[in-house]
Amino acid sequence: MQVVKEGDRFVLRLDDGQDLFETLSGFAQKEGLRAGAVVFGIGMFRKATIGYWDGTAYKPHELSVPHEVVALHGTIARADDNPSLHLHCALAGPDHHLVGGHLIRATIGILQEVVIESFPGRTFERPMVESLGLRMLDLEPGRRA
Amino acid sequence: MQVVKEGDRFVLRLDDGQDLFETLSGFAQKEGLRAGAVVFGIGMFRKATIGYWDGTAYKPHELSVPHEVVALHGTIARADDNPSLHLHCALAGPDHHLVGGHLIRATIGILQEVVIESFPGRTFERPMVESLGLRMLDLEPGRRA
Amino acid sequence: MQVVKEGDRFVLRLDDGQDLFETLSGFAQKEGLRAGAVVFGIGMFRKATIGYWDGTAYKPHELSVPHEVVALHGTIARADDNPSLHLHCALAGPDHHLVGGHLIRATIGILQEVVIESFPGRTFERPMVESLGLRMLDLEPGRRA
């Protein structure tokens, strides 16, 4: 894995076999990144599980073959004092058709090129909203008090 | 809705039931944002209509169920002295397959996380090009004179 | 074609009939851009060929009709002392369904709105990795020595 930093921006190259969430969470933790955006990621997933929120739960779909990652976007916040990633993706299979949704888990295939922006001095949080059964992004946790 | 500003960048959280175009246009108007980019948006659309340009008109498709928003990108300009948004999107349905195209209208479901960049001091315009029947982005309206 | 520059960011409007790779490579060459990211592109492709990496080669798919470009992301590096673009895309056809993958070639239809970020002072490279038969992004070519 490679990471370069330029101001508030990072470019990462994740490598074959790395767990996406584990790797990006470790990166956020190491950099002290408490508020950020995954501007985009492209590359390949060897394995991935995507979900569709049906109102009460994520209906999962586990991909059985590697897919090209054509879009990967989301936000980096904090939840229970740990990095919290919310990522959505679009993935192309061998027939070039796209599937996607809420990304539940993913393992990099070959590589993943990722651009991340941080908002230093800020903290985004992702508290559980019990009425929805979902964690919801809170951009101004201090303001809620 | 929440909005945080960091330099030329904004992070927005739109809320359930909000009209996407109305909300982003109101945001652009309030911030005096005359040139910008919707870097990405993710979340859910409760309702949306997408279009495919067939050469003479947008062939519309109205989604009958909520969809995960896996990609939302576009530009913010001015048209007839109002904010003008040009947005394209990729949306995942309950079967995880993706549909998308030119976004005609959308209502947020649950939430929408959006990152916007502004180009202060600039004005992008989107004048109607009569020969095409389309509004086209003009990055340097002053230069055309 | 129009190009505006704001700090390390560029907004481009590519025009109908332009070759995407040729145009962006020419832009990178002219600007001396040796490390960059295509944050996003939206618009239309009159023609395009996309690929799925099957482990040994890109399985190509040539589109027979124009498609809406709903996502276009990637990185700009150097390879053999020339600009090297790695782009993935999601494209919507007349039936609004999406196809996509690794972008092999594309011709703009109507227009393409593109946002690019540069990382001045850096050079990304994309050397051939013979064992994979693929060019792989190297963010820190100096560090490998």
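These are my notebook entries on chain contacts, the nonpolar core and salt bridges in a predicted model.

**Entry 1: chain A against chain C**

I began with the contact between chain A and chain C. Chain A gives 33 residues to it and chain C gives 39 residues. The two chains bury about 2,900 Å² between them. Carbon and sulfur atoms carry 64% of that area. I then looked up which residues of chain A supply the most. Arg9(A), Glu68(A) and His96(A) account for 22% of the area that chain A buries against chain C, more than any other three residues.

Next I checked the polar side. I found 4 salt bridges between chain A and chain C. One pairs Glu6(A) with Arg122(C), with 2.8 Å between the closest N and O atoms. I also found 20 residue pairs in polar contact between these chains, both residues at pLDDT 80 or more. On chain A, the elements that each supply at least two residues to this side include strand 1 (2–6), strand 2 (9–15) and strand 7 (98–118). By class, I noted 18 nonpolar, 7 polar and 8 charged residues on the side of chain A that touches chain C.

**Entry 2: the nonpolar core**

I turned to the largest nonpolar core, which has 39 residues. Which members touch the most others? They are Val11 and Phe124 of chains A, B and C. Strand 3 of chain A, strand 3 (36–53) of chain B and strand 3 (36–53) of chain C are the elements that give two or more residues to this core. I listed the contacts of Phe124(B), leaving out residues up to four places away in sequence. Among them are Ile76(B), Phe119(B) and Leu137(B), plus Val4(C) and Val11(C) from chain C.

**Entry 3: salt bridges**

A search over all chains gave me 24 salt bridges. I looked at a few.

Arg13(A) bridges to Asp15(A), with the closest N and O atoms 3.0 Å apart. Both Arg13(A) and Asp15(A) are buried.

Arg135(A) and Asp80(A) meet at 2.9 Å, N to O. This pair links distant parts of the chain, 55 residues apart. Arg135(A) sits in strand 9, and Asp80(A) in the loop between strand 5 and strand 6. Arg135(A) counts as partly exposed because its relative accessibility is 33%. Asp80(A) has 61%, so it counts as exposed.

Arg122(A) bridges to Glu6(B) at 2.8 Å between the closest N and O atoms. Arg122(A) lies in the loop between strand 7 and strand 8 of chain A and Glu6(B) in strand 1 of chain B, so this pair joins two chains. Arg122(A) is partly exposed, at a relative accessible area of 26%.

Last, I noted a network: salt bridges with shared partners join Asp8(A), Glu117(A) and Arg9(B).

How values were computed
Residues are numbered from 1 along each chain as its sequence is written. Chains are lettered from A and ligands numbered from 1 in the order in which they are written. This is a predicted model: local features need pLDDT of at least 70, side-chain atom pairs count only at pLDDT 80 or more; totals for chains, interfaces and linings use all residues. Side-chain values use heavy atoms; hydrogens and water are left out. Contact means heavy atoms within 4.5 Å. Buried area is the accessible area (1.4 Å probe) that two parts lose on being put together, summed over both. A salt bridge is a side-chain nitrogen of Lys or Arg within 4 Å of a carboxyl oxygen of Asp or Glu. A polar contact is a pair of N or O atoms within 3.5 Å; within protein, one must be able to donate a hydrogen and the other to accept it, and residues adjacent in sequence count only if both atoms are side-chain atoms. Helices (H or I, at least four residues) and strands (E, at least two) are DSSP runs, numbered from the N terminus. Ala, Val, Leu, Ile, Met, Phe, Trp, Tyr, Cys and Pro count as nonpolar, Asp, Glu, Lys and Arg as charged, and the others, Gly among them, as polar. A nonpolar core is a set of buried Ala, Val, Leu, Ile, Met, Phe, Trp, Tyr and Cys residues joined through side-chain atoms within 4.5 Å. Buried means under 20% relative accessible area, exposed over 50%, partly exposed in between (1.4 Å probe, protein chains only).
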